[in-house]
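Please walk me through this model, beginning with its aromatic side chains and going on to its sheet, its loops and its cysteines.

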Amino acid sequence: MNNIKQYVQDNKERFISELVELLKIPSVSADTAYSQDVINTAFAVKESLDKAGCQHTEICETPGYPIVFGEHIIDKNLPTVLVYGHYDVQPPDPIDLWTSPPFEPVIKTTEIHPEGAIFARGACDDKGQMYMHVKAFEYMIQNNVLPCNVKFMIEGEEEVGSKSLGWFVERNQEKLANDVILISDTGMISNQQPSITTGLRGLSYVEVEVTGPNRDLHSGLYGGAVANPINVLTKMIASLHDEDKHITIPGFYDKVEELSTSEREEMAKAPFSLDNYRKALDIEDVYGETGYVTNERNSIRPTLDVNGIWGGYTGEGAKTVIASKAYAKISMRLVPNQDWEEITELFTKHFESIAPKAVKVKVTPHHGGQGYVTPIDSIGYQAANKAYTETFGVPAIPVRSGGSIPIVALFEKELKSKTILMGFGLDSDAIHSPNEHFGVFNYLKGIETIPLFYKYFTELYK
C-alpha cells in the first residue's frame, strides 16, 4: 500500500466530484416528500460499489427503505470486514440559516479547513464518511492489495431510528457474518490529533401531547378559568431538571455507570479548550450537570433535552387564543447499562404523574437504542490505531462520544462481533445543523487511512 497517497492525490478531483453528485440527491428519510430521492440514492450507492469492483451487489428490500448490500470474498479462510454506513440524511431545516442551498454542494475554505470543505446536507453525516469506504475499497481493488474479505451494508433509515435494519439483520445473519464491523459515522479530536470513539450513548426519543379544552378558546373569555396546555407543558418540562441540572425522573440514574477517578483522568488528557468551545458556539458560558466538566457532561452522563415544542398560534400578527393542545419532542441520551425501553417507561410514568387533572397527557415513543462501549485491547482497535498513527504521525486517543448509533449494540447482539468507529469528522462540521460540511482534508485522509486498517487487522488476525 505504499502508493496509496499518490493514488488519492491522482484521483482527488474525481473523488470530490463523485461525492458532490451523491450529495445533490435530497435523501431525507424523515419526510415522505423525499421518498423517491431516498430510493434513488440507494441505487446510486449500489452503482458506486459496482464501479469500485464489488463481486456482488444488491438492493435488499425491507419494510421501509432498502439496504444496499455488497461483498467481495477473496478467501473464506481470511477475516471479513463488514462496513456499515447510511445514505439517508437529516432534514435541512431551517433553510434560511444556510449560507448556500443544502443540496447544492459548494466547496469553501474556512479557518479550520484551509484546503476547503464541502458544504451540503449529508456531507459529513454520513454520505461523505460512508463514501470514503467505497473509494478506499476501489483503491485496494485497483491495486490488487485487498488483504481480506469485505462486505458492505448501507442503510437508508439511520436518521429515523433504523427500524428496518433490525428486521434485516435478524433475517440475514449468515449473509452478514463477519469478524469485525467498521463504521465511520463519528468524529475525531482535530486534524492534527486523531481519536477513536470507544463509547456511544444510547437514546430514548418520545413525543408528548398535552390536551386541555376540546377546542381552541378565546383567551379573554376563558383565560384564567381553564388550563392552558402550553403553559402546563412548559411547566412540566421545566420540572424535569432540578437546580443542579439533575434529571428528576424517579429511577432514571439507578443503572448509570459511574466512571472511576482514573478513567476520568484518562479522558481529561484529550486536548480541549473551554474558551475555544464557547467561542465556536458564541455563548458566554457552558451549562450542565453539577460535578462534571463539559467533556464528561456530553459523553459519560445521561441527558434530557427538548428537541421541539409547539402549539397555539404562531403565524404573523396576533391571535388571542388558548390552544386546545401543546406538543413537544424530547430526547434522552443514555449511558451504558441504561436500557432505553426501561427509561422510556420511567419517563412516561413520571410525565403522566406530574400532569394536573385539568389536562390529559399522551406520550408516544418514537425510537431508541442502547449505549455501547468497545474494548481498546481488541485487535480491531489496535489495527485502527496503527492505521491512524501511520497516516497522521501520532497515535489516536480513545474517546467516548455523546452521540448515539443504536445499531451498534444490535450488531453485537445479533452478529456477535465488535464494532470499530473510525470517524474523520470534526465537532465543528455542523452535522444535523444548517451549513453542515466535511473537510476535503478529512475526506481524502479517510480514504488514505481505511485501507491500512484492513492491512493491520488481517495481520493481527493471523
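**Rings, strands and loops**

The charged end of K445 lies over the ring of F392, at 5.5 Å from the ring centre. This and everything below refers to a predicted model. A second lysine is placed in a similar way: the charged end of K175 sits over the ring of F69, 4.7 Å from its centre.

F392 also takes part in ring pairing. A pair of aromatic rings is described by the distance of the centres and the angle of the planes. The model has 15 aromatic pairs. In the pair formed by Y388 and F392, the ring centres are 5.9 Å apart and the planes meet at 50°, so the pair is tilted. The cut-offs behind that label are under 30 degrees for stacked and over 60 for edge-to-face, with the rest counted as tilted. Y388 and F392 both belong to helix 12, residues 379-392, and are four residues apart, about one turn of the helix. Y388 has a relative accessible area of 0% and is buried. F392 is buried too, at 14% relative accessibility. Ring pairs join Y388 and F392 with F424 and F441 in a cluster.

The next element to find is an open sheet of three strands, with the order 4-5-18 and antiparallel pairing. Its edge strands are strand 4 (106-108) and strand 18 (437-439), each of which pairs on one side only. From one strand to the next, the twist averages 30°. Helix 14, residues 440-461, packs on this sheet and touches strand 4, strand 5 and strand 18. The direction of helix 14 makes about 60° with that of strand 18. Within the sheet, three bridges hold strand 4 and strand 5 (residues 117-119) in antiparallel pairing. One residue to look for is K108, whose bridge partner in strand 5 is A117.

Another antiparallel pair lies earlier in the chain. Strand 1 (residues 56-60) and strand 2 (residues 67-72) are joined by five bridges. The two strands form a hairpin, with six residues between them. T57 has G70 of strand 2 as its bridge partner.

Strand 1 and strand 2 also serve as packing partners for a helix. In helix 5 (residues 163-171), the buried residues are S164, L165, G166, F168 and V169. These buried residues pack against strand 1, strand 2, strand 3, strand 6 (149-155) and helix 13 (407-415).

The loops hold some backbone values to check. Most residues other than glycine have a negative phi, and most peptide bonds are trans. Against that background, the peptide bond from D93 to P94 is cis, with omega near -5°. P94 is in the loop between strand 3 (80-86) and strand 4. The bond from D125 to D126 is also cis, with omega near 0°. D126 is placed in the loop between strand 5 and helix 4 (127-142).

Two asparagines have positive phi values. N337 has a phi near 90°, and N435 has one of about 65°. N337 is in the loop between strand 13 (325-334) and helix 11 (340-353). N435 is in the loop between strand 17 (419-421) and strand 18, which places N435 in the loop leading to an edge strand of the three-stranded sheet. Is each of these asparagines buried or exposed? N337 counts as exposed, at 55% relative accessibility. N435, at 17%, counts as buried.

The cysteines come last. A disulfide is a covalent bond between the sulfur atoms of two cysteines. How many disulfides does the model contain? The count is zero. For C54, the closest cysteine sulfur is that of C60, and the two sulfurs are 12 Å apart, too far for a bond. The cut-off for a disulfide is sulfur atoms within 2.5 Å. C54 is buried, with a relative accessible area of 10%. C124 is likewise buried, at 4% relative accessibility.

Conventions: Residues numbered from 1 in each chain as written. Predicted model: local features only at pLDDT ≥ 70, side-chain atom pairs only at ≥ 80, totals over all residues. Heavy atoms only, no water. Phe/Tyr/Trp six-rings, centres within 6.5 Å; stacked < 30°, edge-to-face > 60°. Buried < 20%, exposed > 50% of the residue type's maximum accessible area, 1.4 Å probe, protein only. Lys NZ or Arg CZ within 6 Å of the ring centre and 35° of its normal. Pairing = 2+ DSSP bridges. Axes fitted to C-alpha atoms, helices over the stretch in contact; angles between N-to-C directions. Contact = heavy atoms within 4.5 Å.
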